[in-house]
Amino acid sequence: MTHRRWFTPWLLAGPAIIWLVVFNLWPTINTVILSFTNAKPLGGGRFTGLANYERIFSDEQLADALLNSIVYLLICLPLLTFLPLLLALLVQRKLPGITFFRTAFYTPVIASAVVVALIWGWVLDDRGLVNGLLQQSGLADSPVSFLTDRWLLLFSAIALTTWKGLGYYMVIYLSALANVGRELHEAAAVDGASAFRRFWHVTLPGVRPTMMLISVLISVSALRVFSELYVLSNGTGGPGGRDMSVVMLIQMYSRGFTGHLGYASALSLLLFVITLGPMLLLMRLNRKAD
């Protein structure tokens, strides 16, 4: 009989535990500690108590960033919850050439977010393709400020996020739809249910757990949006910096040799608490539906 030493399981789990502590647990603890200091990138700083959290309530940039992040969430959540489902229902059918369309819809997912945002920036520029078409067709007399107007820039970034995420969530829905029994649809059709009623009473209940999972993923991603707004605004956060997200605001305060790491850490903890809200709400709705 082989003698098993007591440390063998720890030896096998050791690398994963070390990775978790070094790259997850310690940074979290350090962020909490830094939020109570005035630390700089090149200095440890000193303890300032709740000063960073008091500053949060008077920060006008934070108010704009929170508004932008909430608008991002409220628009992206329904769009990326239902549009990919409709797309999955469309490409689920076994039709000639449907594989090409599945691949085409998924292609934006594998593309770099920065590269895609740069392309969208060129397309939406004052001298870009969209403005050129609008002016040539007579729908606009002058270039539309997609990238320089506060709300148009925000909605352009939302459109980019939606376009890039459609294929990813479509694939998740395809796997969920494969588990919805075809016999349920056939039984409903025999009973005289229309296509809409079969969708409402058979398809939606079958994919509801997946829909809740996708809603949580979208909520977290929307509140943590960075690349789309950063690239489209050329790193400025839009006119007057009013289109930046909370993540962009954290990045702004933490970068450079004179960065305010303490305040950026406090903003990070605020973002963590805000992100928990939609997640807990969606989980509660899911339990209530169960």
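Which element gives the largest share of the lining of the largest pocket? Let's work towards that in the first exercise, keeping in mind that this is a predicted model.

**Exercise 1. Describe the largest pocket and find its main contributor.**

Solution.
- Step 1: Start with the volume. The largest pocket holds about 630 Å³ of space.
- Step 2: Look at who lines it. There are 15 lining residues, and those closest to the centre are Leu-89, Gln-92, Arg-93, Arg-182 and His-185.
- Step 3: Go up to the level of elements. Helix H3 (60–91), helix H8 (182–190) and helix H9 (195–223) each give two or more residues to the lining.
- Step 4: Pick out the main contributor. H9 supplies the largest share of this lining, with four residues.
- Step 5: Sort the lining by class. Eight residues are nonpolar, three are polar and four are charged.

**Exercise 2. Do the same for the second largest pocket.**

Solution.
- Step 1: About 340 Å³ of space lies in this second largest pocket.
- Step 2: Its lining is made of 18 residues, and Thr-161, Lys-164, Tyr-169, Ser-221 and Glu-228 lie nearest the centre.
- Step 3: The elements giving two or more residues to this lining are H3, helix H7 (150–177), H9 and helix H10 (227–232).
- Step 4: H7 gives the most here, with five residues.
- Step 5: The classes come out as 11 nonpolar, four polar and three charged residues.

**Exercise 3. Describe how H3 and H7 pack.**

Solution.
- Step 1: Decide what to look for. A pair of packed helices is described by the angle between the axes and by the distance between them.
- Step 2: Read off both values. H3 and H7 pack at an angle of about 40°, and their axes are 6 Å apart.
- Step 3: Add the handedness. The crossing of H3 past H7 is right-handed.
- Step 4: See what the contact is made of. Between H3 and H7 it has 25 nonpolar, five polar and two charged residues.

**Exercise 4. Place Ser-35 in the structure: is Ser-35 buried or exposed?**

Solution.
- Step 1: Locate the residue. Ser-35 sits in the loop that runs between helix H1 (8–34) and helix H2 (51–56).
- Step 2: Check the accessibility. Ser-35 counts as buried because its relative accessibility is 0%, and the cut-off for buried is under 20%.
- Step 3: List the contacts. Setting aside neighbours within four places in sequence, Ser-35 touches Gly-49, Asn-52, Tyr-53, Gly-262, Ser-265, Ala-266 and Leu-269.

Note on methods:
Residues are numbered from 1 along each chain as its sequence is written. This is a predicted model: local features need pLDDT of at least 70, side-chain atom pairs count only at pLDDT 80 or more; totals for chains, interfaces and linings use all residues. Side-chain values use heavy atoms; hydrogens and water are left out. Buried means under 20% relative accessible area, exposed over 50%, partly exposed in between (1.4 Å probe, protein chains only). Contact means heavy atoms within 4.5 Å. On a 1 Å grid over the protein atoms alone, a cavity is a set of points where a 1.4 Å probe fits but cannot get out, and a pocket is an open set with protein on both sides within 12 Å along at least five of seven lines; lining residues have an atom within 4 Å of a point. Grid points are joined across faces, edges and corners, and a volume is the space filled by probe spheres set on the points. Ala, Val, Leu, Ile, Met, Phe, Trp, Tyr, Cys and Pro count as nonpolar, Asp, Glu, Lys and Arg as charged, and the others, Gly among them, as polar. Axes are lines fitted to C-alpha atoms, for helices over the stretch in contact, and angles run from 0 to 180 degrees between N-to-C directions. A crossing is left-handed if the near helix is turned anticlockwise from the far one by less than a right angle, and right-handed if clockwise.
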